[in-house]
Amino acid sequence: MFLVTTDEKERYIAKYYNPQFTTIPILSKILEVLVHLKKFNVPRPVEQFNSNMLSTIKDRSKSGPSEEIVAYLVLYRYLPGKSLGSDNKEPPFWRKLGKMVAEISVAMAEVKCDDYVRHHPWDPLEAHKTLEEAKQHFPRDEIKNVNVDSVIQSLKTIENELREYPRQLVHTDVNEYNIIVTEDGELGIIDFNDTILSYRIFDLGHCIAYMTEAQQSDLMVGRYVLEGYSSVIKLSDKELSMLYDIVIARFTLSISLGREQVNAGAANDYVKK
């Protein structure tokens, strides 16, 4: 990912995608979502050649029709501001954040997704399988402390209970570094790379998990986020009853996959933290 500045002082983000992990159908759907969210502060893809929003990077050492595609390139308009990080904020800010998450959820539900298929390690509906595999690498006493088996069972229960609700596209990574605070105090969200087909309650649960953790486990932050979210989307009693388990599951999944990355020597500073 690179920051590009033109002679006219316009700024863009050039982002490369690995075709092994992000296929054309997946990337096309992500771009469709971002175009649909044009009234929000989100990355805006820019048309490139032949009115396309993505271009292919090929390995020119292999000439002819067998040229290998090594990356896809998308150009986004730069979204000025800074990531939220662990900055302390007052209750109105967290309510505003919850409201934005809900409004974006409503808008994403409007995007056609019947043909969208994506298997992703962070998919909450696949999380119980991910944890079953990940716990094999945990020290036995750590499994007991985290109580992974209890989380796995909760996720299986949640999956069954959510079947009565409609699925939609969700961001699935609403963390403190993907929330942008603009210079005039408005909120935005970036990094839609993990967009999956799932249930709206997960984005709320993940947001509460990350914001609570970033604020030194201040549980009141989660309450304020929920209040803002509820001003837009009225959750059912059943959805609300699942929220606590979804928050705990996200914590556990983050620890589990983060530990795997650390063990593999592939963890960045955020994961190590």
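This passage describes a surface patch, the main nonpolar core and a small sheet in a predicted model. Local features rest on pLDDT of at least 70 and side-chain atom pairs on pLDDT 80 or more, whereas totals for chains, interfaces and linings use all residues. Residues are numbered from 1 along each chain as its sequence is written, and side-chain values use heavy atoms, without hydrogens and water.

The largest nonpolar core (buried Ala, Val, Leu, Ile, Met, Phe, Trp, Tyr and Cys residues joined through side-chain atoms within 4.5 Å; buried meaning under 20% relative accessible area, with a 1.4 Å probe and protein chains only) contains 69 residues. Those touching the most other members are Leu37, Trp94, Leu97, Ile179, Phe192, Ile201 and Met211. Helix H2 (residues 91-108) supplies the largest share of this core, nine residues; helices (H or I, at least four residues) and strands (E, at least two) are DSSP runs numbered from the N terminus. Beyond its neighbours within four places in sequence, Trp94 is in contact (heavy atoms within 4.5 Å) with Leu84, Asp87, Lys89, Met211, Gln215, Val221, Tyr224 and Val225.

Three strands form an open sheet in the order S6-S8-S9, with antiparallel pairing; pairing requires at least two DSSP bridges between two strands. Strands S6 (82-83) and S9 (187-189) are the edges, each pairing on one side only. S6 is joined by two bridges to the antiparallel strand S8 (residues 179-181), and Ser83 stands opposite Ile180 of S8.

Tyr16 belongs to strand S2 (residues 11-17) and has a relative accessible area of 40%, so it is classed as partly exposed, the class between buried and exposed (over 50%).
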